[in-house]
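Visitor: I am new to this structure and would like to understand the terms used to describe it. May I ask for the reasoning behind each of them?

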Amino acid sequence: MAAIADAGQLPGWDMSTVFPSLSSPEFSKAFAEADGDLESLGLHFDRAGIEKSRQRIQISSEEFESALEGLNSLAAQLRLLRSYVTAFVTTDSRNAEALAKASELDRISAGYGKLMKRFTAWVGSSDVHALLSQSQVARDHRFFVTRSSEAAEHQMAPDLESLSSDLEVTGSIAWKKLHSNVTSQLSVEIEPGKALPMSAVRGLATDPDREIRALAYRAELAAWKQTEVPLAAAMNSVKGEALSLSDRRGWGSPLDAALFSANIDRATLEAMLEAARLSFGDFRRYLSLKARALGLEKLAFYDLFAPLPQASKVWIYEEAERFVADQFATYSPKMGEFARMSFREQWLDTGPRGGKVDGAYCMQVRPGESRVLMNFKPSFSSVSTLAHELGHAYHNLCLKDRTELQMATPMTLAETASIFCETIIRRAVLDGNDEEAKLPVLEASLQGTCQVVVDIYSRFLFEQRTFEKRAARELSAGEMCEIMRQAQLDTYGDGLEPELLHPYMWAAKPHYYGRSFYNFPYMFGLLFGLGLYAIYRQEGDSFKARYDDLLSSTGMADAATLAQRFGIDIRSTKFWEGSLDQIRADIDQFETLVSV
């Protein structure tokens, strides 16, 4: 059985630099201050009449700047508190104290959400052009101001918006929390008397022994079967709420609302998805080649992450740290030192264990300061994940001088730096002289891109079809499994054995239980990041300052406007096909290497 990294031997993050503990006076004081500032800001909004108006109003620069300063300040307080509490909840979902604080924080966050809705409606009721001409602060937040004006057109009556914020705490937020708690605490019996956390069982998908992969796959599906009722209830409730709110707010569908939040339009999405569909044949060729390399007629779903039989390098964590930092430094000393500082300051929690959530994420704590969670395994895939999440942290560094409302980056652009950083370390191996190292790294890369293009497309189809059916009634767990299976057939096609797919992927992926369509932005991020990396290879050093400026501006313009800075037209299928051509070239190289 493949080695599962011992969490006790891997770094955990240090949160004591934020607050000494959840029960410390410092944390209690910060929590009380945020609660008090929320109340004070609410009273200020009441006195100033900051709410939706039936008539066009004139907002003075003083009123606007005072309200905006209050929102920025409170947002920074809440981000600090939320990241601190999240650090405990996601590494130990049995931590009762952290769970209680998270629930209390949900109430404050909901209150902040109400004020943001009032502010948006207020700005939307105003003469925005007059406001921008009068206030430098408004001009500094031009994108936020103009977007608020657009968003105001999709608001319900103020009392309904306030009620929706209250009900989300016991609605979608609570259902998402249930999913997280159930799945992170799920113990899976892979053989009599031997149980592992779900995250560890899913990690066995990388085991070189196919019997173990198949055993873990069957045990995983059986465990999801045992928990399908509460998870299906959570899915139905989250999607039902999204449908009701998007309808009442005048969106054509939850997808339209998601596109607005992602700062892209339908033309961009369709151009990207069309390019992706045209690439499915290439990815199926890759899957067929991998099956041949593994000595199989066709891959099962549990073979997607299997290592090739050729000797593959085992990456210990310390070596992964050095490699990532060294390769970042080849791009720029700034990026390399940033990675080393992240390791020194203990910004990472890397070991899998019971109660810890699966997957990986990066969260900003204070301006320029982040924390990274991952579940490290001794493979290049985990090295790539490490680079990916540190890319997010580097993005946060570039945003550090922006206000909270200028930092608000959509998912589409939030993946730019992470993909770019992944590409740096991948190209370091593929362009190097170690021929033996290239095949496993290329395989790891194609595993990832297949997931982000093909599997993400299947998840998009699942969510789109689930919304369509949920509009009429609740869906059973069995129906969700069938929708997922069909989505996988429509994307993977004959690349996988049709009777050995993963119908419970809707239960395994937490993204479905948060914001709607938390999927296509990953594809956007991959292909946009690859496009930018190609430009970097052409331009060299002159690219770097423009790139950092782009990262610092991701909350200050829509994606099409930012892309135009580099001559990119994201509404053109041609751009997306160009990025996919880089992946096609990798598949060609993969074919050459596995044929040797």
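**Reasons behind the terms**

Guide: Let us begin with Asp-401, which counts as exposed at 67% relative accessibility. Please keep in mind throughout that this is a predicted model.

Visitor: What makes Asp-401 exposed?

Guide: The term exposed calls for over 50% relative accessible area. Asp-401 has 67%, so the residue counts as exposed. Its salt-bridge partner is Lys-400, which is partly exposed with a relative accessible area of 36%.

Visitor: Why is the pair of Asp-401 and Lys-400 called a salt bridge?

Guide: The cut-off is a side-chain nitrogen of Lys or Arg within 4 Å of a carboxyl oxygen of Asp or Glu. In this pair the closest N and O atoms are 3.4 Å apart, and the criterion is therefore met. A search of the whole structure finds 42 salt bridges.

Visitor: How do you know that Glu-404 forms a salt bridge with Arg-79?

Guide: The closest N and O atoms of Glu-404 and Arg-79 are 2.3 Å apart, and the limit is 4 Å. Glu-404 belongs to helix α16 (residues 404-407) and Arg-79 to helix α2 (residues 61-89), so the salt bridge ties together parts that are 325 residues apart in sequence.

Visitor: Are Glu-404 and Arg-79 buried or exposed?

Guide: Buried means under 20% relative accessible area. Glu-404 has a value of 15% and is therefore buried. Arg-79, at 15% relative accessibility, counts as buried as well.

Visitor: What makes Asp-581 and Arg-584 a salt bridge, and where do these residues lie?

Guide: Their closest N and O atoms are 2.8 Å apart, which satisfies the 4 Å limit. Both residues lie in helix α25 (residues 573-594); they are three residues apart, and so about one helical turn separates them. Asp-581 is partly exposed, with 43% relative accessible area, whereas Arg-584 is buried at 17%.

Visitor: Which residues are linked with Asp-581 and Arg-584 in a network of salt bridges?

Guide: The network also includes Asp-282, Arg-285, Asp-588 and Glu-591.

Visitor: How do you know that Gln-488 is buried?

Guide: The relative accessibility of Gln-488 is 0%, so the residue counts as buried under the 20% cut-off. Gln-488 lies in helix α20 (residues 477-492). Leaving aside residues up to four places away in sequence, Gln-488 touches Phe-301, Ser-458, Gly-493, Leu-501, His-502, Pro-503 and Met-505. A polar atom of the Gln-488 side chain lies 3.0 Å from the backbone oxygen of His-502.

Visitor: Why is the pairing of the Glu-337 and Arg-344 side chains called a polar contact?

Guide: A polar contact requires a pair of N or O atoms within 3.5 Å. For the side chains of Glu-337 and Arg-344 the distance is 2.8 Å, so the distance cut-off is satisfied. Glu-337 is found in helix α14 (residues 333-344) and is partly exposed at 36% relative accessibility.

Visitor: How do you know that Cys-362 is in no disulfide?

Guide: By the rule applied here, the count of disulfides is zero. The nearest cysteine sulfur to that of Cys-362 belongs to Cys-421 and is 11 Å away. A disulfide needs cysteine sulfur atoms within 2.5 Å, so that pair does not qualify. Another cysteine, Cys-481, counts as buried at 10% relative accessibility.

Visitor: What makes β3 and β4 edge strands?

Guide: The open sheet has three strands in the order β3-β5-β4, with mixed pairing. Strands β3 (348-349) and β4 (361-366) each pair on one side only, and this is what the term edge strand describes.

Visitor: How many bridges join β4 and β5?

Guide: Strand β4 and strand β5 (residues 369-373) are joined by five bridges in the antiparallel sense. At least two bridges are needed, so the strands count as paired. Cys-362 has Val-372 in β5 as its bridge partner, and Arg-366 stands opposite Glu-369 in β5. In the hairpin of β4 and β5, two residues stand between the strands, and Gly-368 takes a positive phi near 80 degrees.

Visitor: Why is β4 described as mostly covered?

Guide: Five of the six residues of β4 are buried, and buried here again means under 20% relative accessible area.

Technical notes:
Residues are numbered from 1 along each chain as its sequence is written. This is a predicted model: local features need pLDDT of at least 70, side-chain atom pairs count only at pLDDT 80 or more; totals for chains, interfaces and linings use all residues. Side-chain values use heavy atoms; hydrogens and water are left out. Helices (H or I, at least four residues) and strands (E, at least two) are DSSP runs, numbered from the N terminus. Buried means under 20% relative accessible area, exposed over 50%, partly exposed in between (1.4 Å probe, protein chains only). A polar contact is a pair of N or O atoms within 3.5 Å; within protein, one must be able to donate a hydrogen and the other to accept it, and residues adjacent in sequence count only if both atoms are side-chain atoms. Contact means heavy atoms within 4.5 Å.
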